[in-house]
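Here are some short exercises to work through with the model open beside you. Try each task before you read its solution.

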Amino acid sequence: MVANQPGEWFDQTLESLATQSYARLEVMVIDSAGDPALAGRVRAVVPNATVLDAFDTVGFGAAANAVLDTEAESAFLLVCHDDIALERDAVRIMVSESLRSNSGIVGPKFVEWDRPDRLQHVGLRVDRFGVSADVVDPAELDQEQYDYVSDFSAIPTACMLVRTDLFRQIGGFDPAITFRGDDVDVCWRAQLAGARVMVAPDAVARHIENLISRTGVDDVRRSRARHQLRTVLSTSSLPSLALTVPLHAALAVGEAIVAVATGSFRHVGDVLGAYVWNLRRSSEILRRRRQAQADRRSRFREVKQSQERGSVRISAFIRGQIGRNRGGIGAAGRGLANSMRSGTSRMAWLVLSLIVAFVLFGSRSLITDGVPAIGGFSAFPDDPGDFISQWWNGWRTRDLGSPGGVPSGVALLGVFGWLSGGSLGLVRTGWIIAPLFVGLFGSWRMLSPTGSRRAQIAGALAYVIIPLPWASLASGSLAGIYAYALAPWVLAALLKSQGAPPHPDTGSSAARVRQTSLTLGVTVAVALLFEPTTVVVIPIIVVGLVIGGLVSAHPIGTWRLLLTTAIGGITAMVLSLPLILDLLAAAPTWDVLADGHTGSATSLRLDDIVRFGVGPSDPGPLVWFMVVPMALPLLVGRSWRFDLAVKAIMVCLTGWGLTLLVAVGAIPFGLPSPAVLLAAPAVAVVALAGLAVASVEHDLRMAGFGWRQLLLPLAVASAAISSVPAVGLLQSGRWDLGNTSFEHSLPLASPASDGSYRVLWIGAPEFLPVSGRPLVGNMAWTATLDGIPTLADRFVPADDGSSGLIRSTVLRAVEGQTSRLGRDLGGLGIRYVVMVERLQPSPFSSADDAVAIPPALVNGFSTQLDLERVEGTNSSIRVFENTEWTSVRAALVPGFDDDVTALFDLETVKLPGSTGVLAGSGHSIRGPVPAGTEVLVSQSPDSGWSLEVDGQKTSRREAIGWATAYSTGSGGTGDLVYSTPLWRRMALLLQVAMFAGVAVVSLRRLLLGGHG
């Protein structure tokens, strides 16, 4: 026994040895601390004991090795700590088992010192990296579930019976392993020598296990990392090391990254410093490898068979055996393991798995074949770097060009593209489908305060049964998908802010408001990274909850709700700093949120609105059966179930009512698509489905038999019937989304031949390839550069630049004020006009789903002398080519616009012949420019642009009343460059830093269970 200034328990330890039933037991106590009082304490209990002085050693292993210098001739050595107490038959049982099974090392079953009914150790699981973990869970009740003799990779050194000849053969413990890891090292070397390592659970030892309090040093992580790596290096075969060391290094780097994220910088040094520590002792390790080879009697693979596959550290962390005093993932792992023991939780995981499989199976064609560029599902560029460049350089090329950046989510998609090795198709599919799972998880979390797993299951099922997400997918409404994903998180945060049951009213009101407003703000800011129009969800939910509180006569926490909304909105604005600065730098425009809608009446009917039938396919009458489970909590619910049901109904009515007002043209300004407006009521229906189950659990079973009991089977049957339309969509594998886009139907020229040009798109807002600006009636427009737009063109710029000229020019044609519209459009760089009447080309779209271009608009273009209808295109579009177009960047003779003071003068003054130059897009465009010309750049003028020819900056002037002309002088290589304002880039960097901080705090809270 190795003793190091033991405490008052030591007498019990000695008594347990003195009273052993094994008759031939001799006690040797090795004093590793040079304690002069130790010998007296030992002999007072065990008079015949030997006390050996080993004060010059460091660590348990080195002290225990002192027995090798003695003339001990016994067949077995019982090596143990000074804080164990053996049951009376423990030694006899271990000796008998060693003789019976011919094992080299035998250990007992360890239980807690003060709670002998709680297991502490029953052997150790060890992986190839030398990492060990207990077989038992922390404080697991001893129900004799492990009471059978078994082989293990290692057993604790707290008490192990070792054959004396084996101990001498392998040289005892590794003296460099002071504490922690000596058990694995000695057991592995014993196994290499051909010995078995076993546990005899009938032998029981109580163990204190409190090393840190005795040494005063908490170096567990550092010492374990060092000693585990040392053991692997000194005992593994060379082929095994070739795989183990790189894997070990990868795990170490991963652990270091997590440590940095949680602010545990000492952890990084402990993990990575293990390599430095072992490199300094490489000669010792080589010597020990040679010794292990000399002693080897077993094959390495035989020893490897007893090791755990995978990483014991990761599995133990999830099980909660690592970090057991904290929350976070460890606690979550223990909670998951415990929850899976109940039938309800197992059912919940089964249903969630089926729901995920349902979504994936229904999206199988989209996943395998990709998502076509239909509606809001914009195409991606070929290079992920294009996303980063357009985000960083702050110039928008769509419409007529304007300063400003794309949302930062575009840059994030570019990063994902890099991380995926350039697989932008995969990233694009995830960009469209992943929000469905985010919203599904949000709906699960939204109903968690009910305390009912069945309610959460019902909500998750309702989330995928409701037609809205599939209608959004089928109609190419990316905004609708993201709004539906955001809505459950917003509703959950706002309900929590009120503090009304079933949400626990813990802490002060100020703390509740602070926490929920920050959560709300971060959630909305993340949505704004990808889709700014989703913010419309918030006021719909807020108004519905406020009205619901008044109707239910329980307006608890209304002021907290409003305050949370205000603070959350401010938080979202701060995290969306570049977007806010863009809005402030320009004249604020509602076009950013209107998404091309003018407020004109549409063909959407009330029954379509209530059934969420906003896609190209009618969901059918079976969706009406959802009304029954929606009404259930109103009819049978009591207490908070009824109050929440009223609030959810009011959110539904608010969203439905607003959508109806928009449909009949009662709103004097444009609002986003109906799919966005209906996201809030759809999620309220999800909440009602969960509340229906909660009402059954709490209220229905307490009522006497009557008509209310009949509602339960009726509600279940109605829910099943209402799911039929969603199940029917599985057949296509793409939720009825079309197979092709207009890309191959448009006869657009290559800009490399004649120079860059613009395409003017006109049509219903939901049919345009990017978000448009209002035009006339229910029509919208947008202009894109060089053909089919990409994702960076999708969002309406906060600064509209000179884009108003396009609308004014088009209206002149509609009102019959010009017959030379081509010249005006040519002065804007527009070569093609594409009028879109359907979401996708025929025959992949139905004429019933078409939104016809108004006759006045069609006639206005058809009667122009300088616009030619391009024949042979698809019947769902009209394409006009401008015969008087001028390249967006064109070289002309000096003074080409002497008689032009405004754009519309071009109707009577024709520009002389031009040559397209500097084709392309971006913030830096290079190409040859001819001598003695002026380069007309038809885009919104901005002082940030400059043209250099052979490195010399050229002069600039206003041209044709709105554009810019640059003198080329003697000609040469031209560089048209945009200098991004410093404030913009600083705002972008600040936004990245803020989101990084949010990510670190969130990860820290996740790992540390909210204590970070």
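Two strands count as paired if DSSP finds at least two bridges between them. Keep that in mind for the opening exercise, and remember that this is a predicted model.

**Exercise 1. Find the strands that pair with S15, and say which residues stand opposite Leu 760.**

Step 1: Start with S17 (780–785). S15 and S17 are joined by 6 bridges and run antiparallel. Within this pair, Leu 760 faces Ala 783 of S17.

Step 2: Now turn to S18 (830–836). Its pairing with S15 is parallel and also has 6 bridges. Here the bridge partner of Leu 760 is Val 833.

**Exercise 2. Decide whether S15 is enclosed or open to solvent, using a cut-off of under 20% relative accessible area for "buried".**

Step 1: Sort the side chains by direction. Arg 758, Leu 760 and Ile 762 point one way, while Val 759, Trp 761 and Gly 763 point the other way.

Step 2: Count the buried ones. They are 6 of the 6 residues, so S15 is largely enclosed by the rest of the structure.

**Exercise 3. Work out how helix H38 (residues 855–862) sits against its surroundings.**

Step 1: List its buried residues, which are Leu 857, Val 858, Gly 860 and Phe 861. Looking down the helix axis, these fall within an arc of 160°, so they line one face of H38.

Step 2: Ask what that face packs against. The partners are the strands S15, S18, S19 (867–869) and S20 (877–882), together with the helices H36 (804–814) and H37 (821–827).

Step 3: Zoom in on Phe 861. Leaving aside residues up to four places away in sequence, Phe 861 touches Ile 762, Val 810, Leu 821, Leu 825, Val 833, Met 835, Leu 867 and Phe 880.

Step 4: Place Phe 861 in the wider picture. The largest nonpolar core has 172 residues, and Phe 861 is one of those touching the most other members, along with Leu 468 and Trp 470. Helix H22 (residues 478–498) gives the most to this core, with 14 residues.

**Exercise 4. Is Arg 794 buried or exposed, and what does Arg 794 touch?**

Step 1: Locate Arg 794 in the loop between S17 and H36.

Step 2: Check its relative accessible area, which is 5%, so Arg 794 is buried.

Step 3: Look at its contacts beyond four places in sequence. They include Arg 398, Glu 531, Ser 378 and Leu 478.

Key
Residues are numbered from 1 along each chain as its sequence is written. This is a predicted model: local features need pLDDT of at least 70, side-chain atom pairs count only at pLDDT 80 or more; totals for chains, interfaces and linings use all residues. Side-chain values use heavy atoms; hydrogens and water are left out. Buried means under 20% relative accessible area, exposed over 50%, partly exposed in between (1.4 Å probe, protein chains only). Helices (H or I, at least four residues) and strands (E, at least two) are DSSP runs, numbered from the N terminus. The arc is that of the directions from the helix axis to the C-beta atoms. Contact means heavy atoms within 4.5 Å. A nonpolar core is a set of buried Ala, Val, Leu, Ile, Met, Phe, Trp, Tyr and Cys residues joined through side-chain atoms within 4.5 Å.
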